[in-house]
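Let's take a friendly walk through this model, beginning with its ligand and ending with its aromatic rings.

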Amino acid sequence: MRERWKSNFVFVLAAIGSAVGLGNVWRFPYLAFKYGGGAFLIPYLLALFVVGIPLLILEFFLGQKFQAGAINAFKKIDSRLQGIGFAAIFAGFMVVIYYAVVMAWSLAYLFFSFNPNLPWKENAKNFFFNEVLKISPNINVLGEINYLLLAALLVVWLLIFFSVRKGTKSVGKVVLLTVPLPVILLVALFLRGITLPGSLEGIIVYLSPNFLALLDLEVWLAAVSQIFFTLSLGFGIMIAYASYNKEDSDINKNAFVTSLSNSAISLFAGFVVFSVIGYMAFQSNLPIEKVVSSGPGLAFVVFPEALSLMPFSWIFAVLFFLMLLTLGIDSAFSLVEALNTVLHEKLKHLTKQKISFVVCSTAFVLGIIYTTSAGLYFLDVVDHFVTNFALVLVGLAQSIAVAWVYGAENARKQINKVSNIKIGKWWVYTTKYVIPLALLILLAFQFLKELNGNYGSYPDWAILFGWTTVFIPIIIFAYYFLIGKKSAK
Ligand code: PHE
């Protein structure tokens with residue numbers, strides 16, 4: 001018997017946990033600010049309903065219908081297509097190796113926060129880059145392993161290992177804590193944020209709409225790629241998670257609850273982020289545009305600095321980094337669970353615990369590269385190529401596989417049979433035409449950008465290294481596509 005989630009509630013919680021991650025806090029608010037403020041909600045919501053929710057329904061359907069992880073699910077559609085699953089899992093493994101490192105930074109900062117005299121008080125930027133990362137001048141200089149980060153990374157991998165070692169059983173318990181806790185902490189930070197001077201100005205900058213921005217194709221594509229990333233699509237995660245559902249679980253309801261909760265949290269996180277950014281601008285007498293930031297720069301420089309300006313700063317620093325850690329950890333272990341699921345199906349004689357141990361230790365060892373002085377550069381390159389290319393390619397392949405090979409109408413009928421809310425014909429059109437087209441345009445656009453010059457001005461060898469994370473999944477896909485012919489039904 002296949003293992004099962006304890007309840008549908010636990011499944012939805014785990015899916016929300018995977019979706020809600022760093023991207024909700026350090027990516028969404030910044031994108032909204034950069035691409036039209038409140039007006040960004042138009043492309044964002046459109047991308048959510050036209051691309052995100054339909055693809056989430058599709059992934060839930062694949063896992064639940066075939067009762068299998070990503071590789072076997074595609075194999076059951078057509079044995080030549082199993083490479084899509086391999087590619088998804090490969091991309092996910094690449095991501096979790098560095099995602100855990102970001103968790104390790106958060107853990108280190110959490111540790112530093114238990115000090116009424118916050119250590120980054122004098123200069124948050126210098127502290128992050130020079131004292132924590134000990135960053136090298138460029139990617140060519142690897143420098144040394146940073147043992148503090150290495151130790152933090154080990155702790156993070158232990159946490160991940162204990163979360164996934166019993167599959168749905170352990171994940172189901174952990175998410176009861178790691179999904180609501182960061183939301184509660186976010187609410188606490190929100191209450192702190194909006195009572196700070198300058199916060200309102202920050203929120204106004206976050207949400208004041210600039211409708212002209214919508215004339216720019218880039219804004220629409222940014223919305224599609226954010227939706228894709230934030231819903232954890234294209235990694236085989238949602239397929240693996242749904243494969244532990246009963247065959248008659250309500251797919252549509254689960255997909256709507258997961259995706260709407262995720263977007264609500266993104267929107268809410270924006271209030272927290274921008275109220276604090278507004279405060280910081282107010283305190284330092286700078287325009288908000290000069291303070292605003294995203295990614296690691298937001299979480300490990302701007303936010304810490306703003307926190308250090310507040311009364312009782314260390315308490316809020318503890319809350320913030322605990323929030324980051326608990327926010328990200330369930331995204332990290334969802335990636336591991338996607339891999340564990342396919343490995344467990346291939347290696348039935350091994351327990352999940354053994355598989356988890358091998359996977360977690362391998363990922364930990366591979367992650368050591370990111371704890372060197374050039375770690376941030378490597379992280380940036382891999383993140384860029386995996387999320388902009390590998391992931392979108394998988395999404396494209398899987399929508400074609402389901403909509404064109406399996407048959408979208410056939411899938412829709414089966415989805416509706418188990419769902420209370422029925423999806424109309426629109427789902428067929430979007431999975432057959434709109435999603436593949438949107439993802440193709442996104443890919444072409446990203447590719448053209450690549451031709452404009454090396455991403456981040458990294459040297460050629462680093463860019464080539466980045467591209468290998470895209471080529472490997474393509475080669476795996478092509479391999480199975482060609483050899484699979486003989487064994488096809
Ligand atoms: N959904 C996560 C976020 O928004 C990102 C993520 C995707 C994490 C896939 C893990 C796997 O942060």
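What follows covers the ligand site and then the aromatic pairs of this predicted model.

## Where the ligand sits

The ligand is found in the largest cavity. Four elements each give two or more residues to the shell around it: helix H1 (8-19), helix H2 (22-34), helix H11 (217-230) and helix H16 (313-346). Of these, H2 supplies the largest share, with three residues.

In total, 14 residues surround the ligand, and Ala-19, Leu-22, Gly-23, Thr-230 and Phe-235 are the closest. As for character, the shell holds seven nonpolar and seven polar residues, with no charged ones.

## Polar contacts and burial

Now for the polar contacts. Two involve oxygen atoms of the ligand: a backbone N or O atom of Gly-23 lies 2.7 Å from one, and a side-chain N or O atom of Tyr-99 is 3.2 Å from an oxygen atom of the ligand. On the nitrogen side, a polar backbone atom of Thr-230 is 3.1 Å from a nitrogen atom of the ligand.

How much of the ligand does the protein bury? Taken alone, the ligand exposes 320 Å², and the protein buries 100% of that.

## Aromatic pairs

Moving on to the rings, the count comes to 50 aromatic pairs. One of them joins Phe-190 and Phe-271: the ring centres are 6.4 Å apart and the planes meet at 85°, so this pair is edge-to-face. The two residues come from distant parts of the chain, Phe-190 in helix H9 (residues 180-194) and Phe-271 in helix H13 (residues 251-284), 81 residues apart.

Notes:
Residues numbered from 1 in each chain as written. Predicted model: local features only at pLDDT ≥ 70, side-chain atom pairs only at ≥ 80, totals over all residues. Heavy atoms only, no water. Near = heavy atom within 4 Å. Polar contact = N/O pair within 3.5 Å; in protein donor to acceptor, adjacent residues only side chain to side chain. Areas by Shrake-Rupley, 256 points an atom, 1.4 Å probe, with all protein chains shown as cover. 1 Å grid on protein atoms, 1.4 Å probe; cavity = no way out; pocket = protein on both sides within 12 Å on 5 of 7 lines; lining within 4 Å. Sits in = over half its atoms within 2 Å of the grid points. Nonpolar A, V, L, I, M, F, W, Y, C, P; charged D, E, K, R; others polar. Phe/Tyr/Trp six-rings, centres within 6.5 Å; stacked < 30°, edge-to-face > 60°.
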